[in-house]
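This briefing goes through one protein chain, from its overall make-up to a few chosen residues. Please keep the sequence and the structure in view while reading.

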Amino acid sequence: MITAIVLIKTSVDRIPEIAEAITAIEGVSEVYSVTGGYDLVAMVRVRRHDDLADVIPGQLNKVPGVEHTETQIAFRTYSQHDLEAAFALGLGE
């Protein structure tokens, strides 16, 4: 699974509507409203690297109100959920 973190600048008066439209895109797993230089952060998870082009420039960037995006591709995922599962299997001993 390939994960991309997409930082999104939007029309600030339509953030909830834009977030809902982005969430409806297949491959987008979560959308967060955030503080700072960006308005939204979307997590995109796809099976193939080429699928990112279909999701991000092909659909997400075309949502009305999306003004600018910056995409970060994850090399490796570290999560509390993964760590807890590893310890439950006895890998922490």
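In which strand is the place of His-68? His-68 has its place in strand 4, which covers residues 66–73, and this assignment, like everything that follows, refers to a predicted model.

**Overall make-up**
- The secondary structure of the chain amounts to 3 helices and 4 strands, and these follow one another along the sequence in the pattern β-α-β-β-α-β-α.
- The chain has 93 residues, of which 34% are buried.
- Among the contacts in the chain with a separation of 6 or more, 66% are between residues 24 or more positions apart.
- About 6,300 Å² of the chain is exposed, and 54% of this area is supplied by carbon and sulfur atoms.

**His-68 in strand 4**
- His-68 counts as partly exposed because its relative accessible area of 39% falls between the cut-offs of 20% and 50%.
- Although His-68 and Ile-8 are 60 residues apart along the chain, their C-alpha atoms are separated by 5.9 Å.
- With residues up to four places away in sequence left out, His-68 touches Leu-7, Ile-8, Lys-9 and Tyr-38.

**Ile-2 and Thr-10 in strand 1**
- Strand 1 spans residues 2–10 and includes Thr-10, and Ile-2 lies in strand 1 as well.
- Ile-2 is in contact with Val-44, Arg-45, Val-46, Arg-47, Arg-48, His-49, Leu-52 and Ile-73, when its neighbours within four places in sequence are set aside.
- The C-alpha atoms of Ile-2 and Asp-51 are separated by 9.2 Å, with their positions 49 residues apart along the chain counted as the sequence separation.
- Thr-10 counts as buried because its relative accessibility is 3%, and the cut-off for buried residues is under 20%.
- Not counting residues up to four places away in sequence, the residues that Thr-10 touches are Ile-15, Ile-18, Asp-39, Leu-40, Gly-65 and Glu-67.

**Asp-13 and the negative surface patch**
- Asp-13 is found in the loop that runs between strand 1 and helix 1, the helix being residues 15–23.
- At 64% relative accessibility, Asp-13 counts as exposed, since the cut-off for exposed residues is over 50%.
- Together with Glu-17, Glu-20 and Glu-67, Asp-13 forms a negative surface patch; Glu-67 also appears among the residues touched by Thr-10.

Terms used:
Residues numbered from 1 in each chain as written. Predicted model: local features only at pLDDT ≥ 70, side-chain atom pairs only at ≥ 80, totals over all residues. Heavy atoms only, no water. Helix = DSSP H or I, 4+ residues; strand = E, 2+ residues; numbered from the N terminus. Buried < 20%, exposed > 50% of the residue type's maximum accessible area, 1.4 Å probe, protein only. Contact = heavy atoms within 4.5 Å. Patch = residues over 30% accessible without salt bridge, like charges linked within 9 Å, V, L, I, M, F, W, Y side chains within 5 Å. Areas by Shrake-Rupley, 256 points an atom, 1.4 Å probe, with all protein chains shown as cover. Salt bridge = Lys/Arg side-chain N within 4 Å of Asp/Glu carboxyl O. Lys, Arg positive; Asp, Glu negative; His and termini not counted. Charge placed at Lys NZ, Arg CZ, Asp CG, Glu CD.
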